[in-house]
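Thanks for coming. I have one model to show today, and I will keep it short.

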Amino acid sequence: MSKKLIAAALIAAASSTSAFAGVIASNTTAITTTGQGYSRAFNLSGPAQSDVILSITAKGDYGTNYAGFDEYLNFFLDNVQLTHWSSTNGGPTNVVTNVADYDYTITGTIALTAAQWSQFAADKVLNVRWQNTSMVDSYAVGGADFVSFTVEGRNAAADIPEPASLALFGLGLGAFGLVRRRKA
């Protein structure tokens, strides 16, 4: 029976110190005009984050970039360009052709390094901007066009257990050992 209690205590301790994943910034905007863009400043008022990722999905005219065509999604955090994506340039991790040459869904995830995130979060404001290039049009074919993004991370403080939690866990583990020793 004590093995089950020890296992339960270990599971409880592990789960109590696990990191909380949270959304830092998120938006979905319909594409309604040619060369449309988006810009917003998000206040970073919560706990410090680690393992931050940026997920992007864009549906629209990110077609085959023939000579003279300029159909890309450019995405920026604090004026640092992180993407220059189209359906053909190898940037996004997934490309779905909805209507050839006119409508694609491109998706991808970018893992930010700790140094990048420290730079972005230093002033407690995350400036998010995306810009479709001049030839990305809003077409009615294939359904509504949009750009959607989510920036999320783990609560960095949750990675380090509190001293009181560790002390209680240690006392409990010691008590289990004493009970087991007395029974033996």
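I will go through the pocket, then the core, then one surface residue.

This is a predicted model, so to speak of local features we need pLDDT of at least 70, side-chain atom pairs count only at pLDDT 80 or more, and totals for chains, interfaces and linings use all residues. Residues are numbered from 1 along each chain as its sequence is written, and side-chain values use heavy atoms, with hydrogens and water left out.

The largest pocket has a volume of about 410 Å³. A pocket here is an open set of points on a 1 Å grid over the protein atoms alone, where a 1.4 Å probe fits, with protein on both sides within 12 Å along at least five of seven lines; lining residues have an atom within 4 Å of a point. The volume is the space filled by probe spheres set on the points, which are joined across faces, edges and corners. Its lining has 21 residues, with Ile24, Pro47, Ala48, Gln49 and Trp117 nearest the centre. Two or more lining residues come from each of β1 (21-30), β3 (49-60) and α2 (114-121); these are DSSP runs, helices being H or I of at least four residues and strands E of at least two, numbered from the N terminus.

Now the surface residue. Gln119 is found in helix α2. Is Gln119 buried or exposed? Gln119 is exposed, at 54% relative accessible area, where exposed means over 50% with a 1.4 Å probe, protein chains only, buried under 20%, and partly exposed in between. Beyond four places in sequence, Gln119 touches Asp78 and Val80, contact meaning heavy atoms within 4.5 Å.Last, the core I promised: the largest nonpolar core (buried Ala, Val, Leu, Ile, Met, Phe, Trp, Tyr and Cys joined through side-chain atoms within 4.5 Å) has 29 residues.
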